[in-house]
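Me: I'd like to go through this model and ask what stands behind each label. Can you set the values against the cut-offs for me?

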Amino acid sequence: MRGFLASSIGVTCAAALALPLTLPTASHAAPSPTREAVPGSTQSLPLESSPGSTSTRAAGAPQEQGLARRDVRPFSLVGVVWDDPDAHLDGHVQVRTRTTDTTRWSTWQDVETHNDDAPDLDTPERAAGSLRGSTAPLWVGDSDGVEVRVKSDEPERAAQPSPLPKGLRLELVDPGEEPPQGSRAEGANAGVIPALDKKQTEDELIEARGGKPAAAESRPFIGPRPRIITRKGWGANEKLRERKLGYTKTVKAAFVHHSASGNNYRCSQAPSVIRSIYRYHVKSSGWRDIGYNFLVDKCGNIYEGRAGGVAKPVMGAHTLGFNTNSTGIAVLGTYGSSNPPSAAVRAIARLTAWKLGLYGANPRGSTYLKSGGGNLYRKGKNVRLKVISGHRDGFATECPGRRLYNKLGSARSSSAHLQGR
């Protein structure tokens, strides 16, 4: 990398940026001895059978579990988990919450039950035995009261409804306060990888490949590096995650997601939302780290996700079956019936133009990825996918929401243009 990196963004950011010239092919490192000693908290409450929901009810009636209204410690994000990561919650989950220090209760809010972001089969992360099934998380803001109800779907013809998964628990996540960033002067640049213009980005890539920019006969197809808020910038406590860092060989495709956590957040709250999702993925779902490689808020800010280096091919847990040789980008929000902000779509284009450009991938093109197993493609099948795909292209899911999915064509064109194609 160019020498100015260490002086302009510091050792931490330089390490995060290091290009994948010689990468480990397997996970490594020792677990942290103090995983529990972290800011924030998670309340895990077992759900209870609702009155009349036992097998004595009329045939075909839905099974129900939940919790009556109750006071709890402060939290900002909710989700439901269960014991078996391969079991599905075929039903509906709804929550009501009370704003902290008020008597105001929200209306019933739906929680997305089909949460198809997950580590691939036959990977060390999945084999660790700590994984649980989970809904998508829902951001509700500062709250200190909760009520929840879970109902299995009515059967079409069967005498009994689909059983609810065993071990249902309500997870209430407090993201904790942002850690101090040092002095005011230092705080303006702490935890941020600054943007580069296109020539600086091209020169950096040429040098990383062992060439000399001044003598380069042709420039690489890569977009200017965007500004990226690092894990330090959004307040990730590194004692929470496992120390293992998993890598794949390259990045051939980017999968776009929505977090399905709702749109009721301010951009100034995005770091808190990300810290909550991080804690939910690790402590509630049993993953080694947050699942996404990058996150984007509705103002177009880009955030580093899973640890390991923003320029490296870090193995994520975002698209079951296609986490190998891909990167996952989640837009914070829910975009089935709401339009994604233009700033977020532009951020996807800027990020993919740079990240895919590091590995020579054309955002307008297609590529082949081998399926690790999922509900659309059998394990081992070589699947032709767009270089910028939606989650639903690799797995049968609503993600990234119809409205965001419909914007991916625009993102592909913009990304390719930024690369100079």
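Me: What makes L47 count as buried?
Reply: Its relative accessibility is 10%, and buried means under 20% relative accessible area, with exposed over 50% and partly exposed in between (1.4 Å probe, protein chains only). So L47 counts as buried. L47 is found in the loop between strand 1 (41-46) and strand 2 (48-49); helices (H or I, at least four residues) and strands (E, at least two) are DSSP runs, numbered from the N terminus.

Me: What is L47 in contact with, leaving aside its neighbours within four places in sequence?
Reply: Contact means heavy atoms within 4.5 Å. On that basis L47 touches Q65, G66, L67, V80, V148, V150, L168, R169 and L170. For V80, 33 residues apart from L47 along the chain, the C-alpha separation is 9.2 Å.

Me: Before we go on, what are the ground rules?
Reply: This is a predicted model, where local features need pLDDT of at least 70 and side-chain atom pairs count only at pLDDT 80 or more, while totals for chains, interfaces and linings use all residues. Residues are numbered from 1 along each chain as its sequence is written, and side-chain values use heavy atoms, with hydrogens and water left out.

Me: Which values describe the protein as a whole?
Reply: Buried residues make up 55% of its 421 residues. The protein has nine helices and 17 strands. Among contacts between residues at least 6 apart in sequence, 77% join residues at least 24 apart.

Me: How do you know that the span of helix 7 agrees with what is expected?
Reply: The expected span is 1.5 Å times one less than the number of residues. Helix 7 (residues 342-357) has 16 residues, so it should span 22 Å, and its end C-alpha atoms are 22 Å apart, which agrees.

Me: And what about helix 6?
Reply: Helix 6 (residues 270-284) has 15 residues and should span 21 Å; its end C-alpha atoms are 20 Å apart, which agrees. Just after helix 6, G286 has a positive phi of about 85°.

Me: What makes helix 7 "mostly covered"?
Reply: In helix 7, 13 of its 16 residues are buried. Helix 6 is mostly covered too, with 14 of its 15 residues buried.

Me: Why is helix 7 called oblique to helix 9?
Reply: The axes of helix 7 and helix 9 (residues 408-419) come within 8 Å and cross at roughly 50°. Angles under 35 degrees count as roughly parallel, over 145 as roughly antiparallel, 65 to 115 as roughly perpendicular and the rest as oblique. That makes helix 7 oblique to helix 9. Here axes are lines fitted to C-alpha atoms, for helices over the stretch in contact, with angles from 0 to 180 degrees between N-to-C directions.

Me: Which residues make that contact?
Reply: Helix 7 brings V345, I348, A349, R350, T352, A353, L356 and G357, and helix 9 brings A411, S414, S415, L418 and Q419.

Me: Why is D101 exposed or buried, and how about N325?
Reply: D101 has 71% relative accessibility, so it counts as exposed. N325, at 16%, counts as buried. D101 is in the loop between strand 4 (91-99) and strand 5 (109-111), whereas N325 is in the loop between strand 13 (302-304) and strand 14 (326-331).
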